[in-house]
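Got your viewer open? Load the model and keep the selection box handy, then follow along stop by stop.

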Amino acid sequence: MSFPRENLAPGERIVLHRHPHWKCLLGPFLLFVVVTAVAGVLTGMVTGSQLGGTARMWLLIVIGVAWALVFVWYFVRPLVSWKTTHFVLTDRRVIFRNGIVTRSGIDIPIRRINTVEFRHGLIDRILRTGTLIIESASDDPLSFDDIPQVEKVHSLLYHEVLDIHGDDDQRWPGEPVDGEAPQR
């Protein structure tokens with residue numbers, strides 16, 4: 001699922017669009033494999049047992065429903081959540097959106113960014129992912145976990161910040177120049 005272009009301002013261009021790293025799906029996938037194996041073993045035990053036809057059918061239904069619930073809650077839900085989480089860098093702002101039913105998001109104007117950092121441990125370095133930390137002018141630092149190719153994202157964001165701060169002619173419409181009163 002791509003980031004909806006109608007959320008962008010006129011003339012705004014996307015520099016980078018990322019979903020969280022696939023490592024976020026590793027735990028749900030492994031749980032799915034284990035639950036499927038357990039459901040298969042239980043199904044084999046029930047079908048090979050000496051239970052009557054009705055009891056066997058009900059046990060198989062219970063196993064199937066339990067497997068389906070675990071599959072939807074612990075595999076499909078994280079997959080959809082991963083797919084609906086967007087980290088977008090444009091030439092004007094950083095956009096983060098997440099959520100399935102209840103959506104939330106944050107926009108950080110490039111002009112307001114003071115510091116851009118990244119962190120990643122050994123496993124994250126091997127998987128080429130990490131945490132991006134953005135400190136803006138008025139807020140506590142914001143941390144974005146599991147950003148794929150975090151060093152590249154850090155570099156692109158840093159260059160966008162430098163481009164904006166280095167060019168005083170690029171202003172948001174209505175934004176005052178130093179010493180001017182804001183336009184109303």
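Here is a short walk through the fold, a sheet, a cavity and some aromatic rings.

**Stop 1: the whole chain**

Before selecting anything, keep in mind that this is a predicted model. Switch to cartoon and colour by secondary structure: the protein has 4 helices and 7 strands. Tracing from the N terminus, you'll pass through the elements in the order β-α-α-β-β-β-β-α-β-β-α. If you colour by burial instead, buried residues come to 29% of the 184 residues.

**Stop 2: the four-stranded sheet**

Now select 14–18 and 104–109, which are strand 1 and strand 4. They belong to an open sheet of 4 strands, ordered 1-2-3-4 with antiparallel pairing. Strand 1 and strand 4 each have a single partner strand and stand at the edges, so one side of each has no neighbour in the sheet. Look along the sheet and you can follow a twist that averages 10° from one strand to the next.

Add residues 86–90 to bring in strand 2, which pairs with strand 1 over 4 bridges in the antiparallel sense. For a landmark here, pick histidine 17 and look across to valine 88, its bridge partner in strand 2.

Next, move over to strand 3 and strand 4. These two run antiparallel and are joined by 6 bridges. One spot to label is asparagine 98, whose bridge partner in strand 4 is serine 104. Strand 3 and strand 4 make a hairpin, with 5 residues between them. Click on glycine 99 in that turn: its phi is positive, about 115°.

**Stop 3: the cavity**

How many cavities of 30 Å³ or more does a search of the whole structure find? The count is 1, and its volume is about 40 Å³. To see what surrounds this cavity, select Pro28, Leu31, Phe32, Val35, Trp67, Val70, Phe71, Tyr74 and Phe75, and show them as sticks. Helix 1 (26–47) and helix 2 (53–83) are the elements that each give two or more residues to this lining. Helix 2 supplies the largest share, with 5 residues. Colour the lining by class and you get 9 nonpolar residues, no polar ones and no charged ones.

**Stop 4: aromatic rings on the two helices**

Stay where you are and select Phe29, Phe32, Trp67, Phe71 and Phe75, which form one aromatic cluster. Across the whole structure, the search turns up 8 aromatic pairs. Zoom in on phenylalanine 32 and tryptophan 67: their ring centres are 6.2 Å apart and their planes sit at 50°, so this pair counts as tilted. The pair links distant parts of the chain, with phenylalanine 32 in helix 1 and tryptophan 67 in helix 2, 35 residues apart. Turn on the surface and check exposure. Phenylalanine 32 is partly exposed, with a relative accessible area of 24%, and tryptophan 67 is partly exposed too, at 27%.

**Stop 5: a pair between two strands**

Finally, select phenylalanine 96 and phenylalanine 144. Their ring centres are 5.1 Å apart and their planes are at 50°, so this is a tilted pair. It also links distant parts of the chain: phenylalanine 96 is in strand 3 (residues 93–98) and phenylalanine 144 is in strand 7 (residues 142–148), 48 residues apart. Are these two rings' residues, phenylalanine 96 and phenylalanine 144, buried or exposed? Both are buried.

Key. Residues are numbered from 1 along each chain as its sequence is written. This is a predicted model: local features need pLDDT of at least 70, side-chain atom pairs count only at pLDDT 80 or more; totals for chains, interfaces and linings use all residues. Side-chain values use heavy atoms; hydrogens and water are left out. On a 1 Å grid over the protein atoms alone, a cavity is a set of points where a 1.4 Å probe fits but cannot get out, and a pocket is an open set with protein on both sides within 12 Å along at least five of seven lines; lining residues have an atom within 4 Å of a point. Grid points are joined across faces, edges and corners, and a volume is the space filled by probe spheres set on the points. Ala, Val, Leu, Ile, Met, Phe, Trp, Tyr, Cys and Pro count as nonpolar, Asp, Glu, Lys and Arg as charged, and the others, Gly among them, as polar. Two strands pair if DSSP finds at least two bridges between them. Axes are lines fitted to C-alpha atoms, for helices over the stretch in contact, and angles run from 0 to 180 degrees between N-to-C directions. Rings of Phe, Tyr and Trp (its six-membered ring) pair if their centres lie within 6.5 Å; planes under 30 degrees apart count as stacked, over 60 as edge-to-face and the rest as tilted. Buried means under 20% relative accessible area, exposed over 50%, partly exposed in between (1.4 Å probe, protein chains only).
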